Amino acid sequence: MGVITLLFLVVEPEAVDCEPPQHHLTPSTQRSKADEEKHPLLAPAPLQGSLQTTAHCPEKQPEQALSIWSALKIPGVAMFAMCLFFAKFVSYIFLFWLPMYLKDLSKNSGPMHFSNEKAADYCTLFDVGGIVGGILAGVISDRGGTRGLTCTVMLILAVPTLWVFRRYGGEDLAHLLGLMLLTGALVNGPYALITTAVSADLGNHEQLKGNQKAKATVAAIIDGTGSLGAALGPYVTGQGLKHANWDVVIYIMMGCLFVAALLLSPICIKEVLYLLQPKVDPSFTIIQKPGQSRPTDNQWKHSNAPLLKHSVCKTPT
């Protein structure tokens, strides 16, 4: 039954040429309209000799789907799309090649030796770190309203973390598991934030003017570009291991994360400048004297007039 509902349920009445329900009409109004339709002769006739004016509401124009080129012109779409490309490039390398890396690491390190099953079990910690990182990225970006800055900081921190993971991850099991958790949080945090909150924000950009059909195009461009990186990452890793070693692969991932952070630098700079702007505390009010004009935000900031905290501003008459 669930499959049948999924395949055949109509989302909107207009899709099957039905009128939408008139929720704004009262039951009495609905009954009177129904009576008029059944008995048109009983409907009240217009007054003779009076001017009959009919208000014609402008017909709503159907929303046009957004072209790919127009979607790419929206500020931030191309930058976040390419950032997601490199973030998923690195994330999917860990997803497909981390068990083999741990197996090779156990062969070359003295204190750690574990089977294929153990290597697969330990790899889940990278995903656990990604869950924690995604939640933290969402909370931080919602509190500060800085999506780009949150992603940039996490990507920059992920670059030295990868080097530490390669250098000290093989010393003992505690170092390995802790670094896998941290690396998963810093790599998958921006990845999760871009595919969810950032795509939704860009889909509601003011240039779209509320066009609902443009949201899917924006989200598809961002996620599709990221999927391309997810496909290339494991392939490049296989070619790198064929001709080199894990050190080369780690440096490639570090370079991808650095480029991803660099792509967001224009957005990051704008958000930093926004945070540095002086803001007036709304809990403070200033007493306004009779005949005195209301101060601007800049005058409010630098004014030496007495401030009353948590008080109501009243103008004497």
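These are my notebook entries on the fold, core, voids and a few single residues of this structure.

**Entry 1: model and confidence**

I noted at the outset that this is a predicted model, and I therefore looked up the confidence before anything else. The protein averages a pLDDT of 76, with 66% of the residues scoring at least 70. When I went through the elements, I found the highest mean confidence in α9, at 93, and the lowest in strand β2, residues 307–309, at a mean of 37.

I then looked for stretches in which pLDDT stays under 50, and I wrote down two of them together with their contacts. Over residues 49–55 the pLDDT stays under 50, and the model has one contact beyond four places in sequence for this stretch. Over residues 300–317 the pLDDT likewise stays under 50, but here the model has 30 contacts beyond four places in sequence.

**Entry 2: elements and overall packing**

I listed eleven helices and two strands in the protein. Read from the N terminus on, the elements run α-α-α-α-α-α-α-α-α-α-β-α-β, and I kept this order at hand for the entries below.

For the chain of 317 residues I recorded 34% as buried. I also looked at how far along the chain the contacts reach: among contacts between residues at least 6 apart in sequence, 74% join residues at least 24 apart.

**Entry 3: the largest nonpolar core**

I turned next to the largest nonpolar core, which holds 60 residues, and in which L98 and L102 touch the most other members. I found that α4 (77–108), α5 (116–144), α6 (147–168), α7 (173–203), α8 (213–243) and α9 (246–263) each supply at least two residues of this core. Of the contributors, α4 gives the most, with 17 residues.

I followed L102 further and left out residues up to four places away in sequence; L102 then touches F114, A119, Y122, C123, L176 and M180.

**Entry 4: the cavity**

Which elements give two or more residues to the lining of the largest cavity? I first checked how many cavities there were to consider, and the count comes to one cavity of 30 Å³ or more. About 60 Å³ of space lies in the largest cavity, and the residues that line it are I93, F94, W97, L98, Y101, F165, W246, I250 and M253. The elements I was looking for are α4 and α9, and α4 gives the most to this lining, with five residues.

I sorted the lining by class and obtained nine nonpolar, no polar and no charged residues. I also marked that L98, one of the two residues that touch the most other members of the core, is listed again among the lining residues of the cavity.

**Entry 5: the largest pocket**

I then looked up the largest pocket, in which about 480 Å³ of space lies. The lining is made of 17 residues, and those nearest the centre of the pocket are P75, F80, L202, I267 and E271. Two or more lining residues come from each of α4, α6, α7 and α10 (265–276), and the largest share, five residues, comes from α10. By class I counted eight nonpolar, five polar and four charged residues in the lining of this pocket, whereas the lining of the largest cavity has no polar and no charged residues.

**Entry 6: three single residues**

Is G189 buried or exposed? I placed G189 in helix α7, and G189 counts as buried because its relative accessibility is 0%. Leaving aside its neighbours within four places in sequence, I found G189 in contact with G133, G134, A137, M154 and G184. The C-alpha atoms of G189 and A137 are separated by 5.7 Å, although the two residues are 52 residues apart along the chain.

I140 is found in helix α5, and I recorded I140 as partly exposed because its relative accessibility is 48%, which stays below the 50% needed to count as exposed. From C-alpha to C-alpha, I140 and T150 are 7.1 Å apart in space and ten residues apart in sequence.

K270 lies in helix α10, and since its relative accessibility is 62%, K270 counts as exposed. I closed this entry with the pair K270 and T146, which are 124 residues apart along the chain and whose C-alpha atoms are separated by 9.6 Å.

Notes:
Residues are numbered from 1 along each chain as its sequence is written. This is a predicted model: local features need pLDDT of at least 70, side-chain atom pairs count only at pLDDT 80 or more; totals for chains, interfaces and linings use all residues. Side-chain values use heavy atoms; hydrogens and water are left out. A nonpolar core is a set of buried Ala, Val, Leu, Ile, Met, Phe, Trp, Tyr and Cys residues joined through side-chain atoms within 4.5 Å. Buried means under 20% relative accessible area, exposed over 50%, partly exposed in between (1.4 Å probe, protein chains only). Helices (H or I, at least four residues) and strands (E, at least two) are DSSP runs, numbered from the N terminus. Contact means heavy atoms within 4.5 Å. On a 1 Å grid over the protein atoms alone, a cavity is a set of points where a 1.4 Å probe fits but cannot get out, and a pocket is an open set with protein on both sides within 12 Å along at least five of seven lines; lining residues have an atom within 4 Å of a point. Grid points are joined across faces, edges and corners, and a volume is the space filled by probe spheres set on the points. Ala, Val, Leu, Ile, Met, Phe, Trp, Tyr, Cys and Pro count as nonpolar, Asp, Glu, Lys and Arg as charged, and the others, Gly among them, as polar. pLDDT is the predictor's confidence in each residue, from 0 to 100.
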